[in-house]
Amino acid sequence: MTLLPDVWWPTALLALVLLVDAALSIRPPQFIEDCLNNVNFPREWWWILVVIKTLAVVGLIAGIWMPGVAFAANVGVIVYFCSAAAAHLRARNTGQAFWVNCLGMLALSIAVLVLSRYW
């Protein structure tokens, strides 16, 4: 078992999507602000989301060549979006942002894990 992605492009696609998400989170547009406010995520902690997403991007890209790193980063992204889904459910915020953004990113992350075939 090498733990290198068998197919590299799904991992790169997820990294690109997360990079755009991280860049948007630096100065969040209204729909991201609304989402974070609606799940009661404290504004003084918004910066950590940029750090987490950026580290995930670095891990995904590095992991294309380094055994185990993309797998670990991909699992971390799945945990991140499971946590986001739990925050939405806890706040009873199950509108469009939950279904499209949160669960959409969770589905993409899971699909990348399956398509990359690390095993």
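**Helices, a pocket and three salt bridges**

Student: Which helix gives the largest share of the nonpolar patch?
Tutor: Helices are DSSP runs of H or I, at least four residues long, numbered from the N terminus. Four residues of the patch come from one helix, residues 9-26. That largest share belongs to helix H1.

Student: What kind of model is this?
Tutor: Residues are numbered from 1 along each chain as its sequence is written, and side-chain values use heavy atoms, with hydrogens and water left out. Local features need pLDDT of at least 70, side-chain atom pairs count only at pLDDT 80 or more, totals for chains, interfaces and linings use all residues, and the model is predicted.

Student: How much accessible area does the nonpolar patch have together?
Tutor: A nonpolar patch joins side chains of Val, Leu, Ile, Met, Phe, Trp or Tyr within 5 Å, from residues with over 30% relative accessible area and no salt bridge. Areas use the Shrake-Rupley method with a 1.4 Å probe, and only the protein chains shown count as cover. Here Leu16, Leu19, Val20, Leu24 and Phe31 form the patch on the surface. Together they have about 450 Å².

Student: Is Phe31 buried, partly exposed or exposed?
Tutor: Phe31 sits in helix H2, residues 30-38. Buried means under 20% relative accessible area, exposed over 50%, and partly exposed in between. Phe31 has 47%, so the class is partly exposed.

Student: How much space lies in the largest pocket?
Tutor: A pocket is an open set of points on a 1 Å grid over the protein atoms alone, where a 1.4 Å probe fits, with protein on both sides within 12 Å along at least five of seven lines. Its volume is the space filled by probe spheres set on the points. For the largest pocket, that is about 660 Å³.

Student: Which residues lie closest to the centre of that pocket?
Tutor: Lining residues have an atom within 4 Å of a point. The largest pocket has 26 of them. Closest to the centre are Cys35, Lys53, Tyr80, Phe81 and Ala84.

Student: Which helix gives the most to the lining of the largest pocket?
Tutor: H1, H2, H3 (46-62), H4 (69-90) and H5 (96-116) each supply at least two lining residues. One gives the most, with six residues. That helix is H4.

Student: How many salt bridges does the structure hold?
Tutor: A salt bridge needs a side-chain nitrogen of Lys or Arg within 4 Å of a carboxyl oxygen of Asp or Glu. One of them joins Arg43 and Glu33 at 3.9 Å, N to O. Arg43 is in the loop between H2 and H3, and Glu33 in helix H2, ten residues apart. The structure's salt bridges number three.

Student: How far apart in sequence are the parts tied by Asp6 and Arg117?
Tutor: The closest N and O atoms of this salt bridge are 2.5 Å apart. Asp6 lies before H1 and Arg117 after H5, so the pair ties together parts separated in sequence by 111 residues.

Student: Is Lys53, the partner of Asp21, buried or exposed?
Tutor: Lys53 forms a salt bridge with Asp21, with the closest N and O atoms 3.2 Å apart. Lys53 is in helix H3 and Asp21 in helix H1, so the pair ties together parts 32 residues apart in sequence. Asp21 has 17% relative accessible area and is buried. With 7%, Lys53 is buried.

Definitions and conventions. Patch = residues over 30% accessible without salt bridge, like charges linked within 9 Å, V, L, I, M, F, W, Y side chains within 5 Å. Buried < 20%, exposed > 50% of the residue type's maximum accessible area, 1.4 Å probe, protein only.
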